[in-house]
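Please open the model in your viewer and set side chains to be drawn as sticks. The stops below follow pairs of charged side chains.

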Amino acid sequence: SEEAQALLSQYLEQLDRVELDAAMTPAERSALWINAYNAITVQGVIDGRADDPAFRVDEDGFAFFQIQRARVGGLFVSLDLIEHAILRGDAAHASLAAVDAATGAAALAEHEAIGPFDPRLHFALNCASRSCPNLSGEPYLAATLNDQLDGQATVFLDDPTKGAGPDGVSSLFLWFAGDFQTVAPVDEFIAMHRTDGLTGVRIDTYLEYLWSPNDVV
């Protein structure tokens, strides 16, 4: 709705005024960057569809995620920079080479302030595609972040078309195996967060990742 889009625009404007100071806790920082990622994604899709109703995020080699499209705490960021540099702390990721040295250094410093990557964040970031984890209906908050991430992980893994089931498990467990293994082997990680554990799960097969839009139907 126009009202919702106005609120989204207002929120994105507020993100640029956030002060990323030492007083922020790791949980506050994590919640901020998850919310920012999801809001920037939604606005990006709105903008993309204004030009082309058939817009998809996987066009042009996934340029959607590589373009610096918003400012958060004074940093001009791309979605890839948020996910891979700030949250995951991947100092070799291409998103860092695409920004100026000062922005890259600030992004990695922000990761250091957040601390080790929590792989449950993979289930909180939404990339506007059918195989992505669901977009939460509420913002992430520092005080409830742990419970929210647990809930998102379970919702995702309980969905056999996205997370884990008789046809296989999400390709996220292939692409980011190292992230999950910092907590537990992938099969154990899934068992920890899925309601029925590994019952009925084909653990040795990966589901095709569908990049088609995740429209409400």
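Is Asp150 buried, partly exposed or exposed? Select it: Asp150 is partly exposed, with a relative accessible area of 29%, where buried means under 20% relative accessible area, exposed over 50% and partly exposed in between, for a 1.4 Å probe and protein chains only.

This is a predicted model, in which local features need pLDDT of at least 70 and side-chain atom pairs count only at pLDDT 80 or more, while totals for chains, interfaces and linings use all residues. Residues are numbered from 1 along each chain as its sequence is written, and side-chain values use heavy atoms, with hydrogens and water left out.

Next, add Arg120, whose side chain meets that of Asp150 in a salt bridge at 2.9 Å, N to O; the term stands for a side-chain nitrogen of Lys or Arg within 4 Å of a carboxyl oxygen of Asp or Glu. Because Arg120 lies in the loop between α6 (101-114) and α7 (145-157) and Asp150 in helix α7, the pair ties together parts that are 30 residues apart in sequence. Helices here are DSSP runs (H or I, at least four residues), numbered from the N terminus. Arg120 itself is buried, at 11% relative accessible area.

Move on to Arg56 and Asp58, which form a salt bridge of 2.9 Å, N to O; Arg56 is partly exposed at 31%, and Asp58 is partly exposed at 22%.

Then select Arg202 and Asp204, a salt bridge whose closest N and O atoms are 3.6 Å apart. Asp204 is exposed at 60%, whereas Arg202 is partly exposed at 45%.

Finally, select Arg88, Asp90 and Asp179, which are linked in a network of salt bridges. The count by this rule comes to seven salt bridges.

How values were computed. Helix = DSSP H or I, 4+ residues; strand = E, 2+ residues; numbered from the N terminus.
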